[in-house]
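Hi there,

Here is the structure I promised to pass on. Have a look at it first, and my notes follow below.

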Amino acid sequence: MKVVDAVAHILKQEGVENLICYPRQPLIDACARVDIRPVVCRQERVGVGLADGISRSTYGKKIGVFSMQGGPGVENTFPGAAQVFGDNVPVLLISGDRVGRSFTPPSFDPVQVFKPVTKWTAEINDPARVSEIMRRAFQNLRSGKPGPVLLELPSNIGNLDLPGELDYKPVGAVRSGPDALDIRRAVELLMKARCPIIHAGQGVLYAGATAELVKLAEALQIPVLTTNTGKGAFPENHPLSLGAAVVSAPKAVFDYIRNADLIVAMGSSLTRNHWAPQVPVGKRIIHCTNDPADLNKEFPYDVAVLGDARLTIQAFLDEIGSKRRTSEDIAAGVRSAKDKWLEEWRSELTSNEVPINQYRIIHDLKSTIDPATAILTHESGSPREQLVTFWECVQPGGYLGWGKTTQLGHGLGLIMGAKLANPGKTCINLMGDASIGMVGMDIETAVRNKLGILTIVFNNGVMAGEQNGLLDAVQKYEAANLTGNYSMVAKGLGAWSTRIDAPDQFLPKLEEALAATRAGTPALIECVAKQNFRYSRY
């Protein structure tokens, strides 16, 4: 058996069903021979997004794999790797031949260059080491804090024979539980708190700990907010849910985090980031994470608990037992705050403005789409701020929040990957006109692979969020203006598409678009939208 065929067999054993790829790369044929479907993208950054969508929508139960040629292919892959590294997503990247000679410029060495944006990198440099290196790769992908792994597979090694029979067993996830003393100290602090909140991150999602988190919140009557990447870790239709935060958030998030006398960070790195919940300085913190590098990275903690989020929450519940923290009706306060906030925004959510108000589209989408059978994702910039705040996610995997680094266009690959991994789900992404300009040609990837996704484009004809950094350039040269009819582009690529310029047109066209997606045809609705600078920030 050739090395390249051994790698394909190992991917098959590890449950890989689709190889996201861009030629040339001998692994593509090797995977096809073992019935791993090749999904060829139009550009490498979107290819990483597709692999991300597979991994992120299943929280690592399926590992997305992207394979590309060496040289320009792996060079173009770097931005995608940076995105998934920032969001801690377990994606396997496999590059082909290096262009040029090692240590002789110009030669791009991905094993070294990708180290800052991966969890682990290695070269498959010896046929006798194939099983060892692949084992280590999947161990890194499945255990601990998630992150991407890059392997380089040169053809001079890939074309060699294994020295014997392939000896490989699939790698399972390894979880660690918390220290009992840390749990005891954390519970003691929690029981004394007057107004604690839980700050839940995507560690809860990867641990499959939503049910346990709900039990903990209910047992101690603690409101819960989530990060953007953690959206879905706590059902947002629950009476104790505050919602999710980017720069924008439901008003209750801002109020409760300011007033909290204790923050329980669960499955969160607490990384300081512009697009994360802003933790005020000086708050008392119980920091629960599976990565010791998170501790004291940004905030000093009062108690640290190191371990898998599900095992940690269960240990909290066991320690709490029948004790109760308060008799106050905390949920009533949360509900009142939400109701007042939604009333404040009602005119935006039901607006009949022309050009179209983006919040009206989100409101109509929310009234039509069953959140239990859908997966939504946003785009970088304004669509993220608008959608994360007002879309109600009721279960894990129903929303793919992303963006510790916020690359325009990542959402398109992400939703295609989610559809590959979850073919029975309604998969929808919201984009702006700037982001579709970055990656729109990959709509053809969805057409060719019969991925029935729905893309909603807010076309306001301008780079809205960037204007305040281009004041002179805008005034003198109109540098932020954009033009284009993206429904025509999508139609030319083979998708079902339409363009609307009034809000009452949306729901009838949505019904038609969803019918197209159910038949395996990607659909695009372009909404001629207003420049909207109102965000839920308090």
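In what order do the six strands of the open sheet run, and is their pairing parallel or antiparallel? In this predicted model, the order is β14-β13-β15-β16-β18-β17, and the strands pair in parallel. The edges are taken by β14 (399-400) and β17 (496-500); each has a single partner strand, so one side of each is left without a neighbour in the sheet.

At the β17 edge, the partner is β18 (residues 523-528), and the two are joined in the parallel sense over five bridges. If you would like a place to start looking, T498 has I525 of β18 as its bridge partner.

Now for the chain as a whole. Its secondary structure amounts to 21 helices and 18 strands. Along the principal axes, the C-alpha atoms occupy a box of roughly 70 × 60 × 45 Å. The radius of gyration is 24 Å, which agrees with the value near 24 Å for a compact globule because the chain has 538 residues.

The contacts and the burial are worth a look too. Of the contacts between residues at least 6 apart in sequence, 74% link residues at least 24 apart. Buried residues make up 58% of the 538.

Finally, the surface and the charges. The exposed area is about 21,000 Å², with 51% of it coming from carbon and sulfur atoms. There are 57 positive and 56 negative charges, and their mean positions lie 2 Å apart.

Happy to talk it through whenever suits you.

Best wishes

Note on methods:
Residues numbered from 1 in each chain as written. Predicted model: local features only at pLDDT ≥ 70, side-chain atom pairs only at ≥ 80, totals over all residues. Heavy atoms only, no water. Helix = DSSP H or I, 4+ residues; strand = E, 2+ residues; numbered from the N terminus. Rg over C-alpha atoms; globule rule 2.2 N^0.38 Å. Buried < 20%, exposed > 50% of the residue type's maximum accessible area, 1.4 Å probe, protein only. Contact = heavy atoms within 4.5 Å. Areas by Shrake-Rupley, 256 points an atom, 1.4 Å probe, with all protein chains shown as cover. Lys, Arg positive; Asp, Glu negative; His and termini not counted. Charge placed at Lys NZ, Arg CZ, Asp CG, Glu CD. Pairing = 2+ DSSP bridges.
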